[in-house]
Amino acid sequence: MKTAVIVFPGSNCDRDMAVALERVTGRAPAMVWHRDTALPNGTDFIALPGGFSYGDYLRSGAMAARSPILRSVADAAARGVPVLGVCNGFQVLTEAGLLPGALMRNAGLNFVCRTVPLTVENSQSLFTAGYSAGEAIDIPVAHHDGNYFADAETLERIEGEGRVAFRYAAPVNGSARAIAGVLNDEGNVLGMMPHPERAIDAAHGGTDGLRLFEAALGVLV
Amino acid sequence: MKVQVYVTLKPGVLDPQGKAIHHALEGLGFSGVSDVRAGRFIELDVADDVSDADLDAMCAKLLANTVIENYRIERA
């Protein structure tokens, strides 16, 4: 099991993500710098962490989505390698076109930083197989641009295809249909605003994030 | 040559920042403003042989997110 965390200038949850991956796999991930052009050989799980890549210049995730390493990430995703984008990582994945939609400024204009209740919508994906459909879980969010937007046709399609992985169970940021996490059409790319890596230890105040990593990494062991 | 790019939210996309600006204008006592939409202005200094197609590609690939934004290009 070889995991990788992509690190951009301004990433700030890369080490938290590394702790979560090492907790589950027993092996520290490769920390891959944005300017690198290739992933380590045999990488079989990629995480794009939270933070403020490139200072959120232009749009959140916009610059990171055009960085050299993203071509390798896109190639790996196309080969079926699981890719998890959390918070800024979700913004990067939408900007890169690996996930549909866009993440806009929170409807309330405030930075929201608190643990929020989520509903697991799809428990069939490789990331969410450790949960049951409809299960209520609590995961922290910390973002300013988490207001998910997609046109009506796209929303209908992703809902119809079961690609909404998580939904907010209470209002957080104005997201269309309260969408908190979205899968790509193949189900191997997940973007989500909540931070599962911040809920893997009782000392975090909750461990509801742990099963995401166990499921996503366990199926590969 | 200078090229101006105006990036604006598509009609129908909610603009919370524009709403907040509108609210602040009203708070300052300005009346008669029915709506405010905030956008982004980008000025490029480009060689004369940069084509319209190149400029369009720059906008579509990076300067605007066409999921939510429209763009308009003006050559000075």
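**Exercise 1.** In which sense do β10(A) and β11(A) pair, and over how many bridges? Place the two strands in their sheet.

*Solution.* The model is predicted: local features need pLDDT of at least 70, side-chain atom pairs count only at pLDDT 80 or more, and totals for chains, interfaces and linings use all residues. Residues are numbered from 1 along each chain as its sequence is written, while chains are lettered from A and ligands numbered from 1 in the order in which they are written.

Step 1. Strands (E, at least two residues) and helices (H or I, at least four) are DSSP runs, numbered from the N terminus. Two strands pair if DSSP finds at least two bridges between them.

Step 2. β10(A) and β11(A) are antiparallel, with 3 bridges. One bridge partner pair is A:V182 with A:G191 in β11(A).

Step 3. The open sheet of chain A has 9 strands in the order β2-β1-β3-β4-β11-β10-β9-β6-β7, with mixed pairing. β2 (30-33) and β7 (136-143) of chain A each have a single partner strand, so these edge strands have one side without a neighbour in the sheet. On average, neighbouring strands of this sheet are turned by 25 degrees against each other, direction ignored.

**Exercise 2.** Which strands pair with β9(A), and which residues are the partners of A:R167?

*Solution.* Step 1. Strand β6 (residues 112-120) of chain A pairs with β9(A) in the antiparallel sense over 3 bridges. Here A:T119 stands opposite A:R167.

Step 2. Strand β10 (residues 179-183) of chain A is also antiparallel to β9(A), joined by 3 bridges. In β10(A), A:R167 has A:I179 as its bridge partner.

Step 3. Burial is counted from C-beta atoms placed from the backbone: a residue is buried if 20 or more others lie within 10 Å of its own, exposed if 12 or fewer, and partly exposed in between. In β9 (residues 164-168) of chain A, 4 of the 5 residues are buried.

**Exercise 3.** Where does UniProt place the feature "active site"? Describe the surroundings of A:C87 and A:H195.

*Solution.* Step 1. The unreviewed UniProt entry gives A:C87, A:H195 and A:E197. UniProt positions are given in the numbering used here, feature names are shortened, and annotations may be inferred rather than shown by experiment.

Step 2. These residues are spread over 111 residues of sequence, yet they cluster in space, with a largest C-alpha distance of 11.0 Å.

Step 3. A:C87 lies in the loop between β4 and α4 (88-95) of chain A. A:C87 is buried because 30 C-beta neighbours lie inside 10 Å. A:H195 lies in the loop between β11 (189-192) and α6 of chain A, and is buried because 25 C-beta neighbours lie inside 10 Å.

Step 4. Contact means C-beta atoms, placed from the backbone, within 7 Å. Not counting residues up to four places away in sequence, A:C87 touches A:C13, A:G50, A:A142, A:H143, A:M193 and A:H195. With that exclusion, the contacts of A:H195 include A:C13, A:G50, A:C87 and A:A142.

**Exercise 4.** Which phi sign do A:C87 and A:A178 have, and where is A:A178 placed?

*Solution.* Step 1. Most residues other than glycine have a negative phi.

Step 2. A:C87 is not a glycine but has a positive phi of about 60 degrees. A:A178, also not a glycine, has a positive phi of about 55 degrees.

Step 3. A:A178 is in the loop between β9 and β10 of chain A. A:A178 counts as partly exposed because 19 other C-beta atoms lie within 10 Å.

**Exercise 5.** Describe the sheet of chain B and the helix that packs on the sheet.

*Solution.* Step 1. The open sheet has 3 strands in the order β2-β1-β3 (chain B), with antiparallel pairing. β2 (39-45) and β3 (69-75) of chain B are at the edges, each with a single partner strand, so one side of each has no neighbour in the sheet. From one strand to the next, the twist averages 20 degrees.

Step 2. β1 (residues 2-9) of chain B pairs with β2(B) in the antiparallel sense over 7 bridges. B:Q4 has B:E43 in β2(B) as its bridge partner.

Step 3. Helix α2 (residues 52-63) of chain B packs on the sheet and touches β1, β2 and β3 of chain B. The direction of α2(B) makes about 150 degrees with that of β3(B), where axes are lines fitted to C-alpha atoms, for helices over the stretch in contact, and angles run from 0 to 180 degrees between N-to-C directions.

Notes:
Contact = placed C-beta atoms within 7 Å.
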